[in-house]
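User: Please take a close look at a single part of this model. Pick one side chain, follow its contacts, and then place it in its wider setting.

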Amino acid sequence: MQAAERTLAVHQRLLEFYGYPEWRNPLPAVDELVSTILSQNTNDVNRDIAFDALKERFPTWEMVRDADPQEVQDAIRPAGLANQKGPRIQQVLRDIEA
């Protein structure tokens, strides 16, 4: 069996076992980046709660970037590790601006 045939066979077996993956629509690039940071060490539900809370509290990424770090951490607390993720998000946003 050729490598391509083996690959297709493995792919088919994975689909049969796990089902077809349901992909969500991609977010705008910065939203996707922040969502990815929030997703570390948590589940999708808590990531989404934190992301929505962040966007509700700070309507623009510039506002997140310039916010008091504690306010950002409070907004994203449902995702866990807010003390690490909050400063990381703000630094990434500063890096993008630079």
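Analyst: **Arginine 65 and its surroundings**

Setting aside neighbours within four places in sequence, arginine 65 contacts Gln90, Leu93, Arg94 and Glu97 (contact: heavy atoms within 4.5 Å). An α-helix has 3.6 residues a turn, so residues three or four places apart point the same way.

First, the ground rules. The model is predicted, so local features need pLDDT of at least 70 and side-chain atom pairs pLDDT 80 or more, while totals for chains, interfaces and linings use all residues. Numbering starts from 1 along each chain as its sequence is written, and side-chain values use heavy atoms, leaving out hydrogens and water.

Arginine 65 sits in helix H4 (helices are DSSP runs of H or I, at least four residues, numbered from the N terminus). Its relative accessibility is 17%, so arginine 65 counts as buried (buried is under 20% relative accessible area, exposed over 50%, partly exposed in between; 1.4 Å probe, protein chains only).

Two acids pair with this arginine. A salt bridge here is a side-chain nitrogen of Lys or Arg within 4 Å of a carboxyl oxygen of Asp or Glu. Aspartate 66 bridges to arginine 65 with N to O at 2.8 Å. Aspartate 66 itself is exposed, at 57% relative accessible area. The other acid is glutamate 97. Its closest N and O atoms with arginine 65 are 3.3 Å apart. Glutamate 97 lies in helix H6 (residues 82-97) and arginine 65 in helix H4 (residues 61-66), so this bridge ties together parts that are 32 residues apart in sequence. Glutamate 97 is exposed too, with 54% relative accessibility. So a buried arginine meets two exposed acids.

Elsewhere, other ion pairs appear. The total is six salt bridges. Arginine 77 pairs with aspartate 74, closest N and O atoms 3.1 Å apart. Both are partly exposed: arginine 77 at 40%, aspartate 74 at 44%. Shared partners also join Asp44, Arg47 and Asp48 into one salt-bridge network.

Next, helix packing. The axes of H3 (residues 44-57) and H5 (residues 69-76) come within 7 Å and cross at roughly 140°. Axes are lines fitted to C-alpha atoms over the stretch in contact, with angles from 0 to 180 degrees between N-to-C directions. H3 and H5 are therefore oblique to each other. The cut-offs: under 35 degrees is roughly parallel, over 145 roughly antiparallel, 65 to 115 roughly perpendicular, and the rest oblique. On the H3 side, the meeting residues are Ala50, Ala53, Leu54 and Arg57. H5 supplies Glu71, Val72, Ala75 and Ile76. These contact residues divide into six nonpolar, no polar and two charged.

H6 also holds glutamine 84. That residue is partly exposed, at 42% relative accessibility. Its C-alpha atom is separated by 33 Å from that of tyrosine 18, 66 residues apart along the chain.

Finally, helix H1 (residues 3-18). Its 16 residues should span 22 Å at 1.5 Å a residue (1.5 Å times one less than the number of residues), and its end C-alpha atoms are 22 Å apart, which agrees. Just after H1, glycine 19 adopts a positive phi of about 85°.

Technical notes. Helices (H or I, at least four residues) and strands (E, at least two) are DSSP runs, numbered from the N terminus. Ala, Val, Leu, Ile, Met, Phe, Trp, Tyr, Cys and Pro count as nonpolar, Asp, Glu, Lys and Arg as charged, and the others, Gly among them, as polar.
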